Amino acid sequence: MLDMLFTFSKVLIHVATAVDEAYYEGKENELENLEQTSDEILDTMNIDNINMCYGTTGIENFNIKNVEQILKQNYMKKDFIIHDVIVRRSCAYLKVKHDIPLNGGNKCYGACFSINYMEPNNGIAVYGYPTKNTAEREAFKEIASEIIKALS
């Protein structure tokens, strides 16, 4: 009797394992294959907290709608990677991967920046997250400076 109970439990465990494996088969990359809309990306960026100005400049004939194209053409360094560029009205939001300090290393940190265009004076301001970490703040300043150089 005990032998039959033991065999039944082994079979039950085997069946449950097979069903579990069949259910999850092919789902490993499911999250990677999801396409997010620009609004969903903005939600994950926490844009309300992008309120620390890291750099400003004036640029003649600047067009905020061309930010992504301009950055792809002009940013040649490899200190950080721009993952997403989303333009809304007079603002562009960037999602970047970088390292600290900013030296082109393994880029295991992520941050978001906004480029705000002020039409009356053809000015742009690059904002990022506030931080108390000195090394991170310096990296953010360098990223903002590189963004401004690429846009100028």
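I began with Ile-64 in this predicted model, and I noted that Ile-64 counts as buried because its relative accessibility is 5%, where buried means under 20%. I then looked up where Ile-64 sits, and I found this residue in the loop between β1 (52-58) and α3 (67-74).

I next asked which residues Ile-64 touches, not counting those up to four places away in sequence. I listed Val-87, Arg-89, Ser-90, Cys-91, Ala-92, Ile-115 and Tyr-117. For Cys-91 I also looked up the separation from Ile-64, which is 27 residues in sequence and 6.9 Å in space, C-alpha to C-alpha.

I turned to His-98, which lies in strand β3 (residues 91-98), and I recorded that His-98 is buried, with a relative accessible area of 0%. Leaving out residues up to four places away in sequence, I found that His-98 touches ten residues' worth of neighbours that include Asp-79, Phe-80, Lys-107 and Tyr-109, as well as Ala-139, Phe-140 and Ile-143.

Those last three names led me to helix α4, where Ala-139, Phe-140 and Ile-143 are among the buried residues, together with others including Ile-147 and Leu-151. I noted that the buried residues of α4 pack against β1, α3, β2 (80-88), β3, β4 (109-118) and β5 (123-128).

I also checked the span of α4 (residues 134-151): its 18 residues should span 26 Å at 1.5 Å a residue, and the end C-alpha atoms are 26 Å apart, which agrees. Last, I looked at the N-terminal end of α4, which Asn-133 caps, with a side-chain oxygen 2.9 Å from the backbone nitrogen of Ala-135.

Definitions and conventions:
Residues are numbered from 1 along each chain as its sequence is written. This is a predicted model: local features need pLDDT of at least 70, side-chain atom pairs count only at pLDDT 80 or more; totals for chains, interfaces and linings use all residues. Side-chain values use heavy atoms; hydrogens and water are left out. Helices (H or I, at least four residues) and strands (E, at least two) are DSSP runs, numbered from the N terminus. Buried means under 20% relative accessible area, exposed over 50%, partly exposed in between (1.4 Å probe, protein chains only). Contact means heavy atoms within 4.5 Å. The expected span of a helix is 1.5 Å times one less than its number of residues. A polar contact is a pair of N or O atoms within 3.5 Å; within protein, one must be able to donate a hydrogen and the other to accept it, and residues adjacent in sequence count only if both atoms are side-chain atoms.
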